[in-house]
Amino acid sequence: MTANTSSQAGEPIDPQSVYAVLICDLVGLRFGPDGKPDPSEVRAHIEAKGGRFHAEALGDKASLEHGRVHFFYQPDLSTREELIEAAGDGCYDAVIAAATFLPAETVFPLAGVRIGAGTGNMGSRSWGGGSGEGGTAVLMNTPGINSRATAQMAMKAILNVLPDLPVDRLHERVARGAFDTGRELRDFPTEKLEGKTLAVIGYGNIGREVAKLARAFGMRVVIHARPRHRDWIEAEGFAFAPDLIDAAEGADVLSVHVGLGKQDAQTGRYANAGLIGADVLSRMNKGAVLVNYDRGELVDVAALGDALDAGQVRHAAIDADLFSDASTGRLSGPMLPYLDLVEKHGDKLELLPHAAADTDHPSRVAGAKQAVDQLFDVICRKSVANAKGTVPPGYLSLGATTPPGIGPVTADHLLKLTADECSELADVCDRQGRLWQALLDTPPAERSRIVAEQGEELVRMIDHFCLLAEKLNLRGPYQ
């Protein structure tokens with residue numbers, strides 16, 4: 001199924017009811033005429049559905065127009081104190097967030113939607129924290145929206161150091177005419193990515209996209225994921241590693257994409273915190289590259305420091321939240337412990353403020369629109385798409401939705417094929433099957449004639465089928 005993107009004049013809201021939704025992250029990343037990030041695309045979407053968009057905080061809720069869903073755009077909220085002050089009393093019925101961490105003390109009686117996949121930052125007790133287990137409100141996400149943006153940035157992080165040609169240095173010398181190719185190029189040997197091993201930890205939407213990009217560069221891809229994914233991982237041509245250590249063994253690059261996992265109610269610690277520790281880093285090839293464009297907490301930072309000291313890891317690219325208190329300048333967030341490595345290992349680090357996917361304008365807008373749609377579905381129809389954790393009683397779960405080509409193939413993809421599409425697939429398969437049968441029926445010594453006559457047509461049919469399968473979103477694991 002796909003998310004509701006209706007542009008009708010208005011959704012059916014009880015005329016006696018009024019709903020307030022907090023938007024606490026940017027929903028437009030391109031700059032408008034005023035020089036500020038422009039939320040107008042999402043605002044137009046909200047208004048087309050009959051909602052109201054307010055570029056201010058909620059004041060007196062009783063004064064709001066009834067029969068409407070009101071969205072209050074407050075993208076500059078970031079610290080724990082600011083968020084509790086704004087939403088600690090339950091005045092907002094729901095929230096849309098992206099990177100902002102919602103403290104447990106924030107209250108949203110109806111629902112919360114995270115723009116993106118992981119929900120570890122959705123800490124409100126209203127839905128039971130980031131896992132969505134145990135609360136009374138609905139927790140949702142928009143999976144797959146930023147998968148390609150994140151995967152492409154992860155690949156860019158790898159390409160920054162592999163192949164390890166010092167591009168800036170060579171450019172500087174060439175630009176001033178201080179290089180002789182014949183005599184000096186031999187001083188800059190490098191190795192291509194092809195043949196290198198990439199360990200991908202996690203086979204969700206992002207992990208799978210990273211694996212596909214790496215394969216395009218000729219890398220050998222090993223994936224560690226739940227055993228139930230093994231058949232599909234291998235069907236897509238990747239190697240399956242049943243154990244995390246097995247995946248890291250002999251890897252030239254490791255990229256982690258598993259999310260924080262469940263939070264322990266007693267300790268507050270997430271299940272996957274410190275997942276990438278000394279035992280994992282030590283099994284990689286010496287001089288390996290670590291990419292963590294998932295959550296900062298997934299890496300044992302002390303172990304990473306030791307691995308950098310020993311040269312076991314030559315480069316680490318980390319993308320994690322970093323917050324600064326506007327009044328005191330005090331820093332917080334999962335990036336904070338990595339800053340202790342900068343003085344000693346600054347030239348071996350690439351630290352980003354959780355920007356890998358969150359700075360992609362089309363992804364953010366698409367995710368915000370989908371989040372708006374999902375909230376309208378909850379309010380108007382008591383239906384829930386992309387639920388995380390438990391769905392409270394009285395709601396209908398619609399399952400998961402992802403953008404075209406992202407995530408698994410579902411029965412819905414097959415059921416939505418038109419008669420023309422089915423006919424085209426059948427024709428291509430039939431023609432290809434007849435060509436293969438001709439080769440099968442011909443003695444090996446005589447096959448050169450068949451190949452000379454029909455080899456081009458056979459390869460054309462193979463390419464045609466692959467393109468059709470891609471276009472119709474029929475590639476990938478079946479769910």
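# A tour of the predicted model

Begin at Pro-163, which sits in the loop that runs between α3 (147–159) and α4 (167–175). Select Leu-162 as well: the peptide bond joining Leu-162 and Pro-163 is cis, with omega at about -10 degrees. Everything on this tour belongs to a predicted model.

**The whole chain**

Now zoom out and show the protein chain as a cartoon. The protein chain holds 15 helices and 17 strands. Its C-alpha trace spans about 85 × 65 × 50 Å along the principal axes. How does the radius of gyration of the protein chain agree with that of a compact globule? For 479 residues, a compact globule would have a value near 23 Å, and the protein chain has 26 Å, which agrees.

Switch on the surface. About 22,900 Å² of the protein chain is accessible, and carbon and sulfur atoms account for 52% of that area. Of the 479 residues, 48% count as buried. If you display contacts, consider those between residues at least 6 apart in sequence: 64% of them join residues at least 24 apart.

Colour the charged residues next. The protein chain has 48 positive and 65 negative charges, and the mean positions of the two sets are 3 Å apart.

**The domains**

Colour the chain by domain. Domain 1 is made of two stretches, 18–143 and 359–403. Domain 2 covers 147–352, and domain 3 covers 413–472. How far apart do the C-alpha centres of domain 2 and domain 3 lie? The distance between these centres is 40 Å.

**Arg-68 and its contacts**

Select Arg-68, found in strand β3. Arg-68 is partly exposed, as its relative accessible area is 23%. Which residues is Arg-68 in contact with, leaving aside neighbours within four places in sequence? They are Ile-13, Ser-17, Val-18, Tyr-19, Gly-50 and Arg-52. For a distance across the model, add Thr-150 to the selection. Arg-68 and Thr-150 are 82 residues apart in sequence, and their C-alpha atoms are 35 Å apart in space.

**Asp-76**

Follow the chain past β3 (68–73) to Asp-76, in the loop that comes before α2 (80–87). Is Asp-76 buried or exposed? Its relative accessibility is 70%, so Asp-76 counts as exposed. Select His-315 too and draw a line between the two C-alpha atoms. The line is 32 Å long, and the two residues are 239 apart in sequence.

**Gly-135**

Go on to Gly-135, placed in the loop between β5 (111–114) and β6 (138–141). With 22% relative accessibility, Gly-135 counts as partly exposed. Not counting residues up to four places away in sequence, Gly-135 touches Arg-125, Ser-126, Trp-127 and Gly-128. Then add Gly-389. Gly-135 and Gly-389 are 254 residues apart along the chain, while 9.4 Å separates their C-alpha atoms.

**Gly-305**

Move to helix α10, residues 301–310, and pick out Gly-305. Gly-305 counts as buried because its relative accessibility is 7%, and buried means under 20%. Leaving aside neighbours within four places in sequence, Gly-305 is in contact with Leu-341 and His-345. Keep His-345 selected: Gly-305 and His-345 are 40 residues apart in sequence, with 8.2 Å between their C-alpha atoms.

**Two residues with positive phi**

Select Lys-382, in the loop between α12 (361–381) and β16 (383–385). Lys-382 is not a glycine, yet its phi is positive, at about 55 degrees. The relative accessible area of Lys-382 is 39%, so this residue is partly exposed.

End the tour at Asn-473, in the segment after α15 (447–471). What is the phi of Asn-473? The angle is positive, about 60 degrees, although Asn-473 is not a glycine. Is Asn-473 buried or exposed? With a relative accessible area of 19%, Asn-473 is buried, since the cut-off for buried is under 20%.

Key: Residues numbered from 1 in each chain as written. Predicted model: local features only at pLDDT ≥ 70, side-chain atom pairs only at ≥ 80, totals over all residues. Heavy atoms only, no water. Helix = DSSP H or I, 4+ residues; strand = E, 2+ residues; numbered from the N terminus. Rg over C-alpha atoms; globule rule 2.2 N^0.38 Å. Buried < 20%, exposed > 50% of the residue type's maximum accessible area, 1.4 Å probe, protein only. Contact = heavy atoms within 4.5 Å. Areas by Shrake-Rupley, 256 points an atom, 1.4 Å probe, with all protein chains shown as cover. Lys, Arg positive; Asp, Glu negative; His and termini not counted. Charge placed at Lys NZ, Arg CZ, Asp CG, Glu CD. Domains from an automatic or database assignment.
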